[in-house]
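Colleague: I'm new to this one, so could you walk me through a few of its details?
Modeller: Happy to. Let's take a look together.

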Amino acid sequence: SLRLNRIPLRVAQGSIGTITLFVAMSIAENVTIHPSAVVEHPVTIGRNTMVWHFCHVMAGARIGADCMLGQNVYVARTATIGNGCRIQNNVSIYDGVSLEDDVFLGPSCVFTNVRNPRASIRSNEFEPTFVRKGATIGANCTVVPGCTIGSWSFVGAGCVVLRSVPDYALVVGNPARQIGWVSRQGVRLNFEDGLARCPSTGDVYRIVDDRVQFADVELANSR
């Protein structure tokens, strides 16, 4: 459960010394925040999450448990990050971006939130982007706003994603195009008669109407 921590915030320093305020933050136990990181208040950060060098977490952001924010990660006020996410160096999670649990974001991947940006664009024109559970977005990818990156999908390094990506889809290139399907382990699937087995785990997947699903235990045991 979350607890309210009294976090010292140095706000000024002069001839009479340093003025220190205490602010309430909803930060769980065993959270690591590097001294060079800026964490505004109020924020929510779940247990065992690590916020590393030069990160900036804006007031209002929500970060789940067991996450890792690498060097120079920015998290905007309305951004949400689920449990177990791993965000590599130099990634910005802007307003309107939501990550579900167990998402992997590679180094320097880019989200945008306005399709036709101008200096005068207002915040109420932001388009949302959703990254579903277990998805991977590779290094140096760019995701335009309004897209949904499907559960357990895999976006290859350097992609430019212009449209939503289906669950379990493997996409590559600029613009991103689908070239296959992957398992929850990120291993490519080869379907025969509508079924495929993950080479890594043996788990069985089915494809119906060009949509991949994790098969039930009975089907897995029947093969």
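Colleague: Which residue takes a positive phi in the hairpin of strand 27 and strand 28?
Modeller: Keep in mind that this is a predicted model. Strand 27 and strand 28 (residues 211–214) pair in the antiparallel sense, over four bridges. Their hairpin has two residues between the strands, and the one with a positive phi, near 55 degrees, is Asp-209.

Colleague: Thanks! And which residue in strand 28 does Arg-206 stand opposite?
Modeller: We are still in the antiparallel pair of strand 27 and strand 28. Across from Arg-206, in strand 28, you will find Gln-213.

Colleague: What is the phi of Gly-202, in the hairpin of strand 26 and strand 27?
Modeller: Strand 26 (residues 195–197) and strand 27 (residues 204–208) run antiparallel and are joined by three bridges. In this pairing, Arg-197 stands opposite Val-204 of strand 27. The hairpin has six residues between the strands, and Gly-202 has a positive phi near 85 degrees.

Colleague: Let's turn to charged side chains. Which residue forms a salt bridge with Arg-132?
Modeller: Side chains of opposite charge can pair when their charged atoms come close. The structure holds four salt bridges. In the one formed by Arg-132, the closest N and O atoms are 2.9 Å apart, and the partner is Glu-100.

Colleague: Is Glu-100 buried or exposed, or partly exposed?
Modeller: Buried would need under 20% relative accessible area, and exposed over 50%. Glu-100 has 31%, so by those cut-offs it falls in between. Its partner Arg-132, at 27%, is partly exposed, and Glu-100 is likewise partly exposed.

Colleague: How many residues apart in sequence are the parts that Lys-133 and Asp-102 tie together?
Modeller: The side chains of Lys-133 and Asp-102 meet in a salt bridge, with 2.7 Å from N to O. Lys-133 lies in the loop between strand 17 and strand 18, while Asp-102 lies in the loop between strand 14 and strand 15, so the parts tied together are apart in sequence by 31 residues.

Colleague: One more: what is the relative accessible area of Arg-115?
Modeller: Arg-115 forms a salt bridge with Glu-127, the closest N and O atoms being 3.4 Å apart. Both residues lie in the loop between strand 16 (110–111) and strand 17, 12 residues apart in sequence. Glu-127 is partly exposed at 27%. Arg-115 is partly exposed too, with a relative accessible area of 48%.

How values were computed
Residues are numbered from 1 along each chain as its sequence is written. This is a predicted model: local features need pLDDT of at least 70, side-chain atom pairs count only at pLDDT 80 or more; totals for chains, interfaces and linings use all residues. Side-chain values use heavy atoms; hydrogens and water are left out. Buried means under 20% relative accessible area, exposed over 50%, partly exposed in between (1.4 Å probe, protein chains only). Two strands pair if DSSP finds at least two bridges between them.
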